[in-house]
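Visitor: Could you take me through one part of this structure up close? I'd like to see how it sits among its surroundings.

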Amino acid sequence: MVGPGREARGEGESDKWEFSVALQKKMQEIAQQFRKEPTESEAILWDMLRNRKLDNRKFRRQHPIGRFVVDFYCHEERLIVEIDGGIHASQQDLDRQRQEILESLGLRFVRISSNLVETNPLDALQKIRCAPRTDMATEDERRKQTLLRRQTNKVRLSNEWTKNDMDEV
């Protein structure tokens, strides 16, 4: 499904959002403002994630993705970590829709309650740690294998065509 601001891609290629430079700049400004005013649970979790402290995974905080800003993002794993605080109880439908949109881009979600982060941060880390890993390298390798198969098939077809032509001569 292709929505506003997105373009369709061919087989094996991921969707990519395209937004105006003005919107990208605005989202970056919003993310910077969010970074200046973290919630207590965001500050606690960031202290445990920053500088590759969790299994050498690089996380970014308050990271803009399209028209959304996510709490934490690990690009190598395409993993979003969202902390759900009190406000999330009143906007569950919006959160679900937002998550579905981002998951349609091949991003994965881990949702953690702010209460868990504040009362048992090690369990919160374990929840992130247990998220299935799908490294970008694995996806890149899969794409390379697909391209290699396609090229091999083209060569095979080309060779068969040449052999059939030679048989007719």
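Visitor: Which residue follows helix 2, and what is the sign of its phi? Please stay with that helix and show me what it packs against.

Guide: Happy to, bearing in mind that this is a predicted model. Right after helix 2 comes Asn 51, and its phi is positive, near 55°.

Now step back into the helix itself, residues 40-49. Its buried residues are Ser 41, Glu 42, Leu 45, Trp 46, Met 48 and Leu 49. Looking down the axis of helix 2, you'd find them within an arc of 160°, so they line one face of the helix. What do they pack against? Strand 3 (60-65), strand 4, strand 5, helix 4 (114-119) and helix 5.

That brings us to the largest nonpolar core, which has 18 residues. Helix 2 is its top contributor, giving four residues. Strand 4 (68-74), strand 5 (79-84), strand 6 (108-113) and helix 5 (121-129) also put in at least two each. The members touching the most others are Leu 45, Leu 49, Phe 59, Phe 72, Leu 79, Val 81 and Ile 128.

Ile 128 is a good place to look back at helix 2 from. Setting aside neighbours within four places in sequence, Ile 128 is in contact with Leu 45 and Leu 49, and its other partners are Leu 54, Arg 57, Phe 59, Leu 79, Val 81, Val 110 and Ile 112. There's also a second, separate core of 10 residues, with Val 70, Tyr 73, Leu 105 and Phe 109 among them.

Methods
Residues are numbered from 1 along each chain as its sequence is written. This is a predicted model: local features need pLDDT of at least 70, side-chain atom pairs count only at pLDDT 80 or more; totals for chains, interfaces and linings use all residues. Side-chain values use heavy atoms; hydrogens and water are left out. A nonpolar core is a set of buried Ala, Val, Leu, Ile, Met, Phe, Trp, Tyr and Cys residues joined through side-chain atoms within 4.5 Å. Buried means under 20% relative accessible area, exposed over 50%, partly exposed in between (1.4 Å probe, protein chains only). Contact means heavy atoms within 4.5 Å. The arc is that of the directions from the helix axis to the C-beta atoms.
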